[in-house]
Each structure stands twice: as structure tokens, then as C-alpha cells.
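I set out to record how the helices of this chain pack and which charged side chains pair. The entries below follow the order in which I looked things up.

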Amino acid sequence: MTLTELTEHLESTHHVYLKKALPRLVALMDKVHQAHSPRHPELTRLQTVVENLRADLEPHLLKEEQILFPLIRQLEAEGLQLEAAQGPIRVMRSEHDGAGELLKEMRTLTNVYVVPKDGCQSFQLLYEGLKELEENTHIHIHKENNLLFPVAHKACGGDILPRFPGPKG
């Protein structure tokens, strides 16, 4: 698979999924929070995590589509120097780390997506959707961090794209 094909796959598969799933899950989260938060106070923090994940991922997708992926396609087509893409790749990796932390917290707050005994159908749909969101996002991040970025680096004659420290150093 070429770099162009991989970026197109990421957009047509994972970006399309996230653009549909995030608004739906935020709305469902609001509904479940309103109905169940008096008996399940963890839903208040979960709602914040889901909203933060959406607030992080939506602009992240745009940066990939408008900046990073075009640079990588140009790198493949015209031999653009990797230095032009290193800054955006560094930013994307850092944002991936942040999303990973939110997903981890989401998993913990949902007790690994186990619906409480008093949970309604909306609660069930929410947890199923959040589990799918986590799985899809981890696969998406894996494809970028472990396939796209290293292949782009190698295409420029490098061996392995170095892991840049995120905000935690």
C-alpha cells in the first residue's frame, strides 16, 4: 500500500467513522447523563471525557486532512523532504497520546463498558458505541504511528522515524 493509499484509507475509514460517531455519542451521552446521573455520578466525569475527546479529535482530523496528509502525499509524489512533515507528525503523535489518555479514562469510568443493572437501552447503546469508538480510534492511531509515519520516513531515506516526546516529555 502506498502512502497515498494509506492516507486515503485513513480518511475514508477512520475519519468518516469518527465524524459520524462523535456527534451521535455526545448526544447519547447527554441523554444518558440526564436520565441516570443521580444514581451514577461517574456519568458526569464520563460526559466531560467524551466531550473532551470530541473537542480534541475533530480539529485533529482536520489538521491531518488539510496539512499532514497532503504533505505526505506530496512527499511521495515529488520527493518532498521529510523535514517539512516532521513538525506536523510530532504534533499528531502528541495529540494521539492525549486521545489515548482520554480513551483510557473512558474505559475506566465505564468499568470496561459494563452497563449497570439499572441501565436502559440508551445506556447499553452508549457503552457499545464508546467501546467501538475506543477500538476504532486505537486502530486508527496504530496505523498512523506504526505504519504511516515510519513508511513516510523511510521513503525519504531514513531508517525509523524517531519517537518525539509528547507534552509529558
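Is Arg-39 buried, partly exposed or exposed? I found Arg-39 to be partly exposed, because its relative accessible area is 48%. I note here that the model is predicted.

**Entry 1: the pairing of Arg-39.** I looked up the partner of Arg-39 and found a salt bridge with Asp-118, in which the closest N and O atoms are 3.1 Å apart. The two residues belong to distant parts of the chain, 79 residues apart. Arg-39 sits in the loop between helix 1 and helix 2, whereas Asp-118 sits in the loop between helix 3 (83–109) and helix 4 (121–155). I recorded Asp-118 as partly exposed, at 36% relative accessibility.

**Entry 2: helix 1 against helix 2.** I next examined the packing of helix 1, residues 3–36, on helix 2, residues 42–78. Their axes lie 10 Å apart, at an angle of about 165°. Angles over 145 degrees count as roughly antiparallel, and helix 1 is therefore roughly antiparallel to helix 2. I noted the crossing of these two helices as left-handed. I then sorted the residues of the contact between helix 1 and helix 2 by character, and obtained 16 nonpolar, eleven charged and seven polar.

**Entry 3: a salt bridge between helix 1 and helix 2.** I searched the structure for salt bridges and found seven. One of them joins Lys-19 to Glu-65, with 3.0 Å between the closest N and O atoms. Lys-19 belongs to helix 1 and Glu-65 to helix 2, so this pair ties together parts that are 46 residues apart in sequence. I compared the accessibility of the two partners. Lys-19 is partly exposed, with a relative accessible area of 43%, whereas Glu-65 is at 18% and counts as buried. The cut-off for buried is under 20%.

**Entry 4: a salt bridge between helix 3 and helix 4.** I asked which residue meets Glu-134 in a salt bridge. The partner is Arg-107, at 3.0 Å from N to O. Because Arg-107 lies in helix 3 and Glu-134 in helix 4, the pair ties together parts 27 residues apart in sequence. I entered Glu-134 as buried, at 5% relative accessibility. Arg-107, at 30%, counts as partly exposed.

**Entry 5: summary.** I closed with the pairs between helices. Lys-19 in helix 1 and Glu-65 in helix 2 form one such pair, and Arg-107 in helix 3 and Glu-134 in helix 4 form another. The pair of Asp-118 and Arg-39 links two loops.

Notes:
Residues numbered from 1 in each chain as written. Predicted model: local features only at pLDDT ≥ 70, side-chain atom pairs only at ≥ 80, totals over all residues. Heavy atoms only, no water. Axes fitted to C-alpha atoms, helices over the stretch in contact; angles between N-to-C directions. Helix = DSSP H or I, 4+ residues; strand = E, 2+ residues; numbered from the N terminus. Parallel < 35°, antiparallel > 145°, perpendicular 65-115°, else oblique. Left-handed = near helix turned anticlockwise from the far one by under 90°. Nonpolar A, V, L, I, M, F, W, Y, C, P; charged D, E, K, R; others polar. Salt bridge = Lys/Arg side-chain N within 4 Å of Asp/Glu carboxyl O. Buried < 20%, exposed > 50% of the residue type's maximum accessible area, 1.4 Å probe, protein only.
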